[in-house]
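Subject: Structure handover

Hi,

Here is the structure for you to load. My notes on what turned up follow below it.

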Amino acid sequence: MPRRAPTRVRRELPPRRPTESGEGFSPALAAGISRLERSRNYLGPGAVRTALRLWREFIADPYRRLRVDSEGCGVWECCGDPWQAREMLEGVLLSLPRRTAGELRRHIDDEW
């Protein structure tokens, strides 16, 4: 029985589903971020996603205001400082390979 060509096999595959992060990341970027979060002791699971969310919420505010109360509740996921989140994202950008870092930079800068 003859072997089917790889392009024909790929055409018959179902379309790829979005990544589980829901951020629109490519599989390579999602894997790179996951690998980075596991290998760095200052990053936990989901830390990059949380930092990206904090930064996007800050950018979405037309007045670019920080929270009214200076302390907040003290929980990073809820009332974290968006400028610290941006600094953490810059560190992640420097740690990722060039191609995936470019994709993450586009996700960050799209909002600005």
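Start with the contacts. Counting those between residues at least 6 apart in sequence, 58% join residues at least 24 apart. Keep in mind that this is a predicted model.

The fold is helical: 6 helices and 0 strands. Read along the sequence, that gives α-α-α-α-α-α. The protein has 112 residues, and 31% of them count as buried. About 8400 Å² is exposed, with carbon and sulfur atoms supplying 53% of that area.

Now the core. The largest nonpolar core has 22 residues. Ile33, Leu89, Val92, Leu96, Leu104 and Ile108 have the most contacts inside it. Four elements give two or more residues each: helix H2 (27-39), H3, H5 and helix H6 (98-109). H3 gives the most, with 8 residues.

Ile108 deserves a look in the viewer. Leaving out residues up to four places away in sequence, Ile108 touches Leu52, Trp55, Arg86, Leu89 and Leu93. Leu89 is also on the list of residues with the most contacts inside the core.

Trp55 leads on to the aromatics. A search of the whole structure finds 3 aromatic pairs. One of them is Trp55 with Phe58: the ring centres are 5.7 Å apart and the planes sit at 40°, so this pair is tilted. The tilted class covers angles that are neither under 30 degrees nor over 60. Both residues lie in helix H3 (residues 47-60), 3 residues apart, about one turn of the helix. Both are buried.

Trp55 also pairs with Trp83. Here the centres are 5.2 Å apart, the planes are at 70°, and the pair is edge-to-face. This pair links distant parts of the chain. Trp55 is in helix H3 and Trp83 is in helix H5 (residues 82-95), 28 residues apart.

Is each partner buried or partly exposed? Trp55 has 3% relative accessibility, so Trp55 counts as buried. Trp83 has 40%, so Trp83 counts as partly exposed. The cut-off for buried is under 20%.

Taken together, Trp55, Phe58 and Trp83 form one aromatic cluster. If you open one region, open that one. Trp55 takes part in the tilted pair with Phe58 and in the edge-to-face pair with Trp83, and Trp55 is touched by Ile108 as well.

Best wishes

Terms used. Residues are numbered from 1 along each chain as its sequence is written. This is a predicted model: local features need pLDDT of at least 70, side-chain atom pairs count only at pLDDT 80 or more; totals for chains, interfaces and linings use all residues. Side-chain values use heavy atoms; hydrogens and water are left out. Buried means under 20% relative accessible area, exposed over 50%, partly exposed in between (1.4 Å probe, protein chains only). Contact means heavy atoms within 4.5 Å. Accessible areas come from the Shrake-Rupley method with a 1.4 Å probe; for residues, only the protein chains shown count as cover. Rings of Phe, Tyr and Trp (its six-membered ring) pair if their centres lie within 6.5 Å; planes under 30 degrees apart count as stacked, over 60 as edge-to-face and the rest as tilted. A nonpolar core is a set of buried Ala, Val, Leu, Ile, Met, Phe, Trp, Tyr and Cys residues joined through side-chain atoms within 4.5 Å.
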